[in-house]
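Hello,

I am handing over the structure we talked about. Please look through it before reading my notes underneath.

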Amino acid sequence: MFKKKGPAPRGLNVIIVGCGKVGTTIVQQLIKEGHTITIIDKDASSIAELTNLYDLMGIVGNGASYSVQMEAGIQDADLLIAVTASDELNLLCCTIAKRVGNCAAIARVRNPDYSQEISYLRDRLGLAMIINPELEAAREAARILCLPSALEVNSFAHGQAEMIKFKIPEGNILEGMTISHLGQHVTNAVLICAVERGGEVHIPSGSFQLAKDDVISFVCPRRMSRAFLEAIRIQANRVNNTMIIGGGKSAFYLARQLLHMGISVKIIEINRARCKELSTLLPKAIIINGDGTDEELLKEEGIAYAESVVALTGIDEENIVLTLHARHVSKAKVITKINRITFKSVISQLDLGSVIYPRFITSEAIIAYVRAKTNSTSSNIETLYHMFDSRAEAIEFRIGQKSAVTDVPLKNLPLRKSLLVSFINRNGKIIIPRGDDCIKVGDTVMIVTTHEGLMDIRDILR
């Protein structure tokens, strides 16, 4: 056992089984938010690395072992998170934790064989959450391909609202326009809630003036997003075809969604056995057995004429090169999957278009749950999304009871600086708020802010 001592912590007592990319990301965020962490992994070097970096306890062993969980303090734990490479081991870890301790449990489950059974497994095993990062990454990619001018498309309010990120091109009507002018003269159905300019993220006021090359994020009711993009003369038609390079789990999930939407799909995969498997699973897709990094093969398969190219190989460097190549030889919408987070500053300068980080998707869902469990008095966190390389957060709170923020016009609330109430969801209706609007019990409310670690809706007040 490795152990590091420090000052008495606050927050939840959390056990994390699995110290891979996702486990490490979760550790980094939960440590920052003040929780007590115990990690379990069979690899002693992974445990040693994290215990040297952070104030936590590490145990080398099998996370599904009763004795190992007891050593980790499962009886006093508030939450166990299982993110090993094995779905079955993750489910077993959670099942044992639920039997031995009185804690909540979260499992990562990635196998497509279980994708149709997630709700059943979660309910029958009594788990707080089962998350499939590849499936969620595919859903994010599908949303982007429906609005190819967007860099990112994120869903809130159970799909009723969207946050869309795009770059203002030169000569666009938004160039030189203030936020208030947009609301008064173009549309009041959207709200620009964050702007990145020159490496800095701004939560804009009404007087903020937009400029070319600004990367903006706006929220609106889902049915209004396409109409707004068309109104500002940004292409909003979905793609008709896509070329997916790499035939792993994410590719399968994405292809299945796109084919269901009527978008034609071509997958290039180097493994012959996997190609046969995909041909059976996706009979309407074109499956090509070949090396997706072969320039001649890509040319033969029509990359120059593809409307979209999605790089989903298991190697980040290959995905980056493939995306840069696609941008060079075609006008395709490109999406890149990146598994590691190192060199993010370099990656962000490469102009890769839309970049998807599956492990961020996983960690954000888990952190949202942890924050909600930490403070569930007046509000719960429904959705959490890190924006602009974690320099801002979008947090959707469910308002459970009256507090200092309810039934008071927004213009009269002493809101913190660099914070915006972006929408109110009231019984499924998305309200873009004005000064006279009030937050009410039963609403969900999305906050966009550069402040870190908001736990409760009351944290928006100065």
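The notes below cover a sheet, some aromatic rings and a surface patch.

Please keep in mind that this is a predicted model.

The sheet first. It is open, has 5 strands in the order 8-9-12-10-11, and its pairing is antiparallel. Strand 8 (152–156) and strand 11 (200–202) are at the edges; each has a single partner strand, so one side of each has no neighbour in the sheet. From one strand to the next, the twist averages 15°. Strand 9 (residues 161–167) and strand 12 run antiparallel and are joined by 7 bridges. Within strand 12, Val219 is the residue opposite Met163.

Next, the aromatic rings. The structure has 5 aromatic pairs. One of them is Phe218 with Phe228: the ring centres are 4.8 Å apart and the planes are at 70°, so the pair counts as edge-to-face, the cut-off for that class being over 60 degrees. Phe218 belongs to strand 12 (residues 215–221) and Phe228 to helix 9 (residues 225–231), with their positions 10 residues apart, and the pair links distant parts of the chain. Phe218 counts as buried because its relative accessibility is 0%; Phe228, at 3%, also counts as buried. Together with Phe166, these two residues form one aromatic cluster.

Last, the surface. Leu324, Val346 and Leu350 make a nonpolar patch of about 210 Å². Leu350 is located in the loop between helix 14 (344–348) and strand 18 (354–356). With a relative accessibility of 32%, Leu350 counts as partly exposed.

Regards

Conventions
Residues numbered from 1 in each chain as written. Predicted model: local features only at pLDDT ≥ 70, side-chain atom pairs only at ≥ 80, totals over all residues. Heavy atoms only, no water. Phe/Tyr/Trp six-rings, centres within 6.5 Å; stacked < 30°, edge-to-face > 60°. Helix = DSSP H or I, 4+ residues; strand = E, 2+ residues; numbered from the N terminus. Buried < 20%, exposed > 50% of the residue type's maximum accessible area, 1.4 Å probe, protein only. Patch = residues over 30% accessible without salt bridge, like charges linked within 9 Å, V, L, I, M, F, W, Y side chains within 5 Å. Areas by Shrake-Rupley, 256 points an atom, 1.4 Å probe, with all protein chains shown as cover. Salt bridge = Lys/Arg side-chain N within 4 Å of Asp/Glu carboxyl O. Pairing = 2+ DSSP bridges. Axes fitted to C-alpha atoms, helices over the stretch in contact; angles between N-to-C directions.
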